[in-house]
Amino acid sequence: MLMTHVLDLQFGDRIVTLMAALVLVLQIAMVTQRWIVLHIRIFAAQSFFLAMIAATIAWYNHAPHLYVAAGLTLMVKVVLVPILFERLVKRMEIDEEIEPIVNVPLSVVIAGGLTLVGYVVAESFYKPGEPGLGHNALAVAISLFLIGFFTMINRRKALTQVLALLSLENGLFLAAISLTYGMPLIVELGIFFDVLVAAMVLGILVYRIRETFESVDVSRLRRLRG
Amino acid sequence: MLLLALLLVPIVTAAAAFLARRRAAMEAANLVGFGAVFLIAVALAARVLAAGTVSLANGFFYADALSALVVLLTASVALVCTTYTIGYLRNDQQSGALGDDASGKEQRSQLRMYYTLTPLFVFSMLFMVVANNLGVMWAAMEITTLVSVFLVTFYGKVTSLEAAWKYAIIGGVGVSMALFGTLVAYYAGRGLTGSEGLSGLNWSVLAQHAAQLDKTSMRLAFVLVLMGYGTKAGLAPMHTWKPDAYSEAPVPTTAILSTALLNCALYCLIRYYILTSRCLGSEYPGRLLLLFGLLSMGVSVPFVLVQKNFRRLLAYSTIDHAGIMAIALGIGGAMGSLGLMLHMVFHTIAKSLLFLCAGNVYQHFRTDLLSKIKGGVMRAMPLTGVVLFMAMLAITGMPPFSLFQSEFLIVRAAIAGGHVLTGVLFVLFGTGLFTGALLFVGDMVLGPRSDAPTAKRRPWRDGSLLALASVLVVIAFWVPTPLLELVRQAAHVVSGQ
Amino acid sequence: MENAAQLFLLLALAPLVTGVIRTLKARLQTRRGPGILQPYCDLGKLFRKGMVVPETSSWIFAATPWVVFFSTVLAGLMIPMVAAEAPLGLFGGVLAVIYLLGLGRFFLALSGMDSGSSFGGLGSSREMTISALAEPAMMLAIFTVAIGAGSTGLTEIAGAAIGQHWRFLAPAQMFAFAALALVLIAETGRIPVDNPATHLELTMIHEAMILEYSGPYLALLEWAASIKQLVLMTLLINCFWPFGLQPTWFGFAAVEGIGWLLAKLLLLSCAIVVLETVNAKMRLFRVPELLAVAFTLGSLALVSTFLF
Amino acid sequence: MIAELFLSGIIVWLVGAMASLAVWRQPTTARRVGCGAAFVGSLLVLAGSSAAIFSGSSPAINLPFGNPVFCWTIRMDPLSAYFSVTLAALAGAVSLYSFGYLRPMEGRRNLGAFGFFFNLLLLSLAMVFCASNAFFFLVAWEVMALMSYCLISFEHEKAETRNAGMLFLILSHAGTGLLLIGFLLLGSASGSLDFSSFHLLASQMTPIRQGTVFLLFLFGFGVKAGVVPVHIWLPKAHPVAPSNVSALMSGIVIKSGIYGMARVFFDFYGPPPLWMGTLLLGLGVTSALLGVLYALMEHDLKRLLAWHSIENIGIILMGFGAALMFRSLGYANLAALALIAALYHTFNHAIFKGLLFLGAGAVVQATHTRNMEKMGGLIRQMPMTALCFLVGAVAISGLPPLNGFVSEWLTYQALLAGFGTTHSLTRLMFPIAGSLLALTAALAAACFVKAFAIPFLALPRSEEAADAREVSLPMRAGMAVLVLGCVALGLGATWFVRVFDPITQQALGVRASSALVMAHGWALSPGTAHGGTISTAGIALFFLLAGAAFALPLALRWRRRSVSGPAWDCGLPGLTADNEYTATAFSKPLRMIFSALYRPRREIQAEYEVSPYYPSAIHFESEIEHPIEKHLYDPLRQWIMAVANRMKGIQAGSINLYLAYIFITLILLLLFGVRA
């Protein structure tokens with residue numbers, strides 16, 4: 001009974017779509033979130049679900065190298081990066097995010113609108129012949145990307161911008177695994193390495209900014225003009 | 001084999017510089033390393049001229065005339081800038097621009113950082129150019145960002161941190177767009193013959209079957225890639241990081257950023273342009289490129305007209321030239337591509353020369369602000385003054401200097417191709433930039449001798465300046481035949497005709 | 001042959017015309033006035049006298065009288081006086097005449113500035129201004145005439161006029177004539193533009209330029225002035241009333257031609273005299289208005305060649 | 001052979017440039033090398049190009065350098081040869097003059113650099129005249145502008161000099177932009193950039209494009225030629241340059257614009273629409289009149305000459321305009337007459353304006369000022385210079401028998417003949433233009449009475465003027481050469497017009513000179529039905545004979561009877577410079593008459609000590625307004641700067657903003673770019 005379900009591709013599709021939706025919801029939740037620590041944890045959760053999606057797809061489509069991707073995601077985005085950042089937060093005792101540039105309700109509305117954009121774009125990719133996974137996931141991926149992007153614009157604290165950037169890359173990851181069942185392995189490795197390094201580099205930058213500016217409010221970085 | 005060497009030598013150089021104890025050792029390491037890289041690049045160019053394409057590790061590394069040309073330019077810029085750097089950093093060390101601690105330990109670590117990161121930076125660019133796999137190309141591009149961010153923060157000033165942050169964030173967004181584009185392109189290439197597994201992202205493979213690529217996906221892919229790599233190339237409106245980063249990074253780094261890195265970003269664009277135009281016809285990518293190109297030219301004009309800061313002026317000029325090359329690519333065709341390739345060569349020479357001059361001026365007057373320099377550079381430092389003026393005229397497309405030739409080709413291609421409006425706007429913006437640049441440089445270089453003392457000579461610094469200047473002059477009247485041949489073949493690769 | 005004859009006529013007749021005008025004017029103003037031959041006596045006297053050359057002046061001062069005299073005489077040889085065929089017509093037409101007079105004026109103005117006395121400068125400045133303003137009107141009038149003849153050669157112009165005697169009644173010709181007449185007044189420095197008789201410092205123009213001259217040079221300049229006047233008058237009458245212009249200089253024709261010439265000159269002189277008597281001299285800055293009128297007349301002449 | 005001569009001249013210039021730069025550390029050597037090379041090169045080019053004219057052949061040479069992507073060839077057809085002759089003739093005299101002119105600069109200035117720029121300027125000019133394709137032409141054109149710029153701002157310590165130079169370079173660069181587009185439009189029609197492929201091409205394009213190309217070229221070349229309203233750089237740039245450079249600038253550099261117009265309008269265009277000629281004629285009249293009117297108000301000797309360049313360009317343009325109109329009306333002979341008038345005046349202006357600038361340079365070098373009000377009485381200290389300047393002044397005033405008269409006379413004849421060519425209202429333009437030309441000439445005469453009398457005559461107005469000395473021999477020699485040129489071009493008119501046969505043949509298919517020359521080469525005629533004649537040689541002969549027969553003997557006789565005494569000083573004790581008439585006073589009547597144009601502003605402040613009736617000192621200053629600058633250029637500049645400043649808000653420093661740019665662009669492209 002369960003096995004049949006577990007072997008049923010439709011079922012897998014459902015699960016994937018469900019988790020993709022969850023990922024999207026978490027992304028929107030991130031938009032509304034003000035507590036940095038919570039922000040980091042939501043990010044971790046989102047990444048976790050992504051890893052799950054990867055694993056599921058790997059299971060149903062027999063794409064073994066996606067397991068590697070899933071594992072890497074777990075390791076890098078669910079464990080390493082959040083730990084790194086939380087320590088950073090503790091060291092810099094940043095407590096609360098000040099008001100975002102666009103207030104929360106409006107941000108949520110905008111996020112919804114961006115989701116719509118994602119679907120509009122993905123629409124043109126929908127081909128009746130194929131399993132629906134393609135354009136659904138692509139729509140979610142584009143939405144994730146856009147919402148993450150919007151969060152970057154919307155936030156003032158350096159660290160939250162970095163988080164937004166990473167969540168934006170989560171969108172890409174989703175697209176990668178759902179559209180093409182992942183990139184060639186070596187490329188995947190390269191990408192993950194890059195993400196890790198990027199996270200560290202940005203972390204270091206944030207730290208140094210904190211050191212020199214006595215704050216991580218990037219909207220104060222306005223010396224260079226013209 | 002050449003390709004492998006090309007990538008290994010910089011790594012070794014970086015390691016050597018990292019382990020080196022004394023300043024001289026680091027300098028020597030870099031000098032030797034980049035000399036070797038340059039020689040290898042020349043050899044590679046020769047090989048490509050002879051054999052057409054060179055590839056390694058069953059097509060994981062791949063170099064045709066286009067890559068060879070970009071590699072050659074990158075290597076030459078790296079070599080010249082390193083030679084210059086030696087004089088430049090020594091001057092910094094003595095003038096206490098690196099912080100004057102008694103032990104000089106801090107200074108040494110700073111120098112070590114510079115001499116280690118620069119080879120890595122060059123490595124990542126070379127890697128990007130010779131990688132056949134679009135994903136690897138992307139990864140390399142990401143590395144360039146990460147490495148150069150630290151180079152931007154070299155002086156550790158408040159402003160340089162700000163610049164680094166903007167560079168990192170905008171660059172990060174850019175490369176992630178590029179990544180998105182890359183995987184959409186991969187998606188477009190699914191199920192093509194010979195595209196299984198790793199080679200599915202190989203440019204050469206995709207280019208062969210470009211016609212069967214999924215059209216809608218390629219449209220999306222090109223937009224994303226254009227915006228992604230366009231960010232690194234500094235096309236408006238993704239250009240905003242450029243003036244900040246250029247005005248804060250150490251001058252040799254800026255020179256590399258504004259020439260080699262620009263070329264590499266354009267290189268990626270060109271690769272995708274070829275795929276897209278083979279898949280969808282050149283009209284769709286062409287229009288987008290023209291749009292961004294004209295926007296970049298147009299945006300840079302007002303900033304140049306009212307600019308107060310020399311290096312920011314140069315940054316906007318780079319944005320303008322990125323726009324010019326985008327336009328050339330967008331016009332395409334045999335003439336447009338030839339113009340593009342010539343322009344890439346000529347711009348690399350002139351712009352790096354300009355930044356080196358800017359370095360001399362900055363180290364002598366301790367500022368980039370015209371209001372503080374108050375003219376008279378020609379009197380205070382004759383060599384720099386003359387070269388600076390020449391280079392500025394060259395960069396604004398004034399004959400007899402060579403950029404006029406390439407820009408002439410581009411405008412001619414535009415008007416012959418029916419893009420009359422593009423041609424007119426091109427000329428209009430060009431005039432605006434010329435006006436701004438001339439007014440600025442005229443006020444800076446000419447005029448009575450300012451109160452600042454006469455500059456002391458720095459053989460390494462001024463020597464490399466002079467060498468590059470003579471290249472600028474000579475190439476206006478005589479282009480070496482092999483180089484021209486390489487350029488022609490590269491243009492052939494771009495236009496496919 | 002013609003050259004010699006016309007040269008003689010010019011040199012001889014010019015002072016006479018001046019004398020006639022002076023006498024007639026005096027009579028009209030109920031004065032006795034000097035005799036008609038007075039100018040000859042003046043010239044003779046001046047030629048016999050010595051002269052004072054300002055110590056501040058240069059060779060320009062000495063060269064000017066000759067340049068002025070010769071250029072005026074040469075101009076005189078280019079216009080038909082008695083015969084329709086101008087003796088030196090080949091050397092140039094009406095344009096040459098005007099520019100030769102211009103050459104004389106140029107040097108006269110220089111010599112006015114040469115001595116350093118401010119009167120000379122004053123005279124030169126005013127002379128150049130007025131002549132400049134007179135130029136376009138004159139050129140328009142001449143264009144009108146020349147268009148009629150299809151040439152700027154005075155021989156051709158006169159030749160074209162011969163035979164159709166009443167052509168000068170055509171509106172174009174009338175306007176052109178009026179314009180040229182006004183210009184002539186300005187050029188010869190007569191009232192209401194300038195007063196040849198005055199030496200009142202602030203109003204004089206021509207006299208101010210030659211203020212420093214004395215003796216033979218003064219004589220040359222006065223003579224040149226009267227020749228210029230004769231030339232312009234002849235130009236006017238022979239362009240517009242070519243009655244009695246003879247085909248040749250020989251035999252009775254010459255006598256008849258000279259007769260006609262004298263008659264026409266007398267007529268014109270009377271007109272000038274009347275004009276000078278009934279008008280007062282204008283302020284300098286009113287003169288442009290007069291010349292504007294001349295210019296308008298000239299353009300009217302053109303337009304009317306276009307209309308009628 | 002011809003080509004070899006020409007090419008050798010070019011090479012001499014090139015080598016001279018390099019050599020004088022190489023020896024810049026020894027000023028004397030640098031000066032000798034630079035000027036010597038310029039002189040020799042000029043002679044060779046003169047020989048080569050005049051040979052080319054008379055042989056009628058048009059040799060083509062492929063230059064052995066340059067990026068092989070492009071074509072670097074020169075061809076010497078009659079038009080090119082004619083302008084090269086003009087160039088070489090002037091350049092020879094100027095480089096002779098420079099030997100002396102530069103000597104005082106030794107040690108103070110880098111004469112090596114000067115020689116470099118000078119020779120390269122000559123080289124680039126020759127290339128401009130002989131380039132046989134659009135690309136090479138534009139390169140030479142810009143190099144010429146660049147070299148002129150370097151020479152103009154040679155004394156760049158003064159802000160005035162710097163700004164003038166930049167204004168020049170910027171405007172000329174903008175003009176080049178117009179030319180670039182014009183040429184490329186032609187090129188896209190013909191598929192090639194070679195001039196021979198453009199022959200009569202423009203007339204085959206659609207009327208709109210034809211007109212556009214015409215305007216592009218008119219203003220593109222007009223900037224360099226200094227045609228109103230794109231002339232504003234000229235009165236600023238010419239005065240500040242070293243005087244030998246000013247001579248070249250006014251003499252030949254601005255003529256490159258004329259060359260371009262001749263090339264385009266008579267080679268690339270067939271019979272054009274009538275409006276083109278009309279526009280050209282109108283612009284010519286405007287330039288001529290405004291040029292001379294503003295020249296009259298100048299006290300700066302060199303700026304006065306600069307304004308006169310604008311005037312003469314206007315006169316040349318009148319000829320071009322008339323020629324174009326005749327062409328469109330189908331009168332080839334008249335077109336030839338007008339074209340000859342224009343080209344003749346081009347050569348004449350090169351000679352006498354060069355002469356005048358050299359003279360002005362001599363004066364400035366002797367008195368260390370350009371302000372006429374501080375000169376005076378120089379005819380005694382510098383008789384030779386004074387004589388040369390006088391000849392130039394007579395020539396430029398268009399007085400017989402010198403060269404200026406001949407070309408103006410030809411222009412008059414062309415305009416006169418124009419009246420008969422059409423019955424539409426446009427024919428009224430010809431006589432009106434003619435009368436305004438007369439006004440221009442008369443005003444020019446007035447202006448040069450001032451320009452000669454104030455500096456050279458009467459009493460010195462300053463110590464500098466009082467102890468000025470005659471300039472060195474080479475300078476006098478250089479001026480003398482040009483004096484001979486003025487005389488020869490005036491008296492030898494009937495001989496010189498034969499030069500134009502190949503040109504008119506090429507442009508209009510007519511050989512006009514036989515019709516122009518009459519009476520066994522004694523007289524010149526317009527070649528129309530029974531047009532008037534002119535014989536400058538005859539006039540000169542008359543003056544010579546009369547002078548020899550009467551003037552000399554009588555003058556000698558009268559000299560014995562003459563005593564020298566003080567000039568009339570109104571009874572004041574002794575005549576001083578303060579009594580003299582000033583340049584300002586001289587032009588005062590015209591300033592008042594044309595005050596509607598000048599809008600003069602004057603300030604008089606009198607300082608009193610004893611009583612209001614006896615001012616101890618009076619400070620007078622007056623200035624006039626330049627409407628085109630005030631109402632066209634200044635607002636434009638301010639507007640551009642305002643817009644630019646407003647646009648700086650783009651780069652306001654906020655990273656969120658920067659990200660927003662990218663975000664919005666991305667959204668827009670996704671929504672509208674991607675979907676087919």
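**Exercise 1. Contacts of one core residue**

Task: In this predicted model, determine which residues Ala391(B) is in contact with, leaving aside its neighbours within four places in sequence.

Solution. Step 1: The cut-off needed here is that two residues are in contact if their C-beta atoms, placed from the backbone, lie within 7 Å. Step 2: Once the neighbours within four places in sequence are set aside, the partners of Ala391(B) are Ala350(B), Leu353(B), Leu354(B), Cys357(B) and Leu472(B). Step 3: The setting of Ala391(B) is the largest nonpolar core, which has 691 residues; Ala391(B), Leu174(A) and Ala179(C) touch the most other members. Step 4: Helix H13 of chain D (residues 332–367) gives the most to this core, contributing 24 residues.

**Exercise 2. The fold and dimensions of chain B**

Task: State how many helices and strands chain B has, and establish how its radius of gyration stands against the globule rule.

Solution. Step 1: Chain B contains 20 helices and two strands. Step 2: For 497 residues the globule rule gives 23 Å, and the radius of gyration of chain B is 21 Å, close to that value; chain B is therefore as compact as a globular protein of that length. Step 3: Taken along the principal axes, the C-alpha atoms of chain B fill a box of roughly 70 × 50 × 40 Å. Step 4: Of the 497 residues of chain B, 71% count as buried. Step 5: Among the contacts in chain B between residues at least 6 apart in sequence, 81% are between residues at least 24 apart.

**Exercise 3. Two domains of chain B in contact**

Task: Give the domain bounds of chain B and describe the side of domain 1 that touches domain 2.

Solution. Step 1: The domain assignment divides chain B into domain 1 (1–129), domain 2 (131–281) and domain 3 (294–497). Step 2: Between the C-alpha centres of domain 1 and domain 2 of chain B the distance is 21 Å. Step 3: Domain 1 of chain B brings 25 residues to the contact and domain 2 of chain B brings 27 residues. Step 4: On the domain 1 side, strand S2 (61–63), helix H3 (65–95) and helix H4 (105–130) of chain B each supply at least two residues. Step 5: By class, this side of domain 1 has 20 nonpolar, five polar and no charged residues.

**Exercise 4. Chain A and its contact with chain B**

Task: Characterise chain A by its helices and strands, and identify which helix of chain B gives the most to the side that touches chain A.

Solution. Step 1: Chain A has eight helices and zero strands. Step 2: Of its 226 residues, 48% count as buried. Step 3: Of the contacts in chain A with a separation of 6 or more, 75% are due to residues 24 or more positions apart. Step 4: The contact between the two chains takes 34 residues from chain B and 35 residues from chain A. Step 5: Helix H5 (134–152), helix H6 (158–188) and helix H8 (215–233) of chain B each supply at least two residues of the chain B side. Step 6: H6(B) gives the most, with 17 residues. Step 7: The chain B side divides into 20 nonpolar, nine polar and five charged residues.

**Exercise 5. Chain C and its neighbours**

Task: Describe the fold of chain C, and determine which pair of chains shares the most contacts.

Solution. Step 1: Chain C has 11 helices and one strand; from the N terminus on, the order is α-α-β-α-α-α-α-α-α-α-α-α. Step 2: The radius of gyration of chain C is 19 Å, which agrees with the value near 19 Å that a compact globule of 308 residues would have. Step 3: Of the 308 residues of chain C, 65% count as buried. Step 4: No contact joins chain C to chain A, and the closest C-alpha atoms of these chains lie 56 Å apart. Step 5: Chains B and C likewise have no contact, with their closest C-alpha atoms 41 Å apart. Step 6: Of the four pairs of chains in contact, chains C and D share the most contacts. Step 7: The contact of chains C and D takes 63 residues from chain C and 67 residues from chain D. Step 8: H5(C) gives the most to the chain C side, with 18 residues. Step 9: The chain C side has 37 nonpolar, 20 polar and six charged residues. Step 10: S1(C) and strand S5 of chain D (residues 562–565) run parallel and are joined by four bridges; Val52(C) has Val563(D) as its bridge partner in S5(D).

Notes
Residues numbered from 1 in each chain as written. Chains lettered and ligands numbered in written order. Predicted model: local features only at pLDDT ≥ 70, side-chain atom pairs only at ≥ 80, totals over all residues. Rg over C-alpha atoms; globule rule 2.2 N^0.38 Å. Buried ≥ 20, exposed ≤ 12 C-beta atoms within 10 Å, placed from the backbone. Nonpolar A, V, L, I, M, F, W, Y, C, P; charged D, E, K, R; others polar. Pairing = 2+ DSSP bridges. Core = buried A, V, L, I, M, F, W, Y, C linked by C-beta atoms within 7 Å. Domains from an automatic or database assignment.
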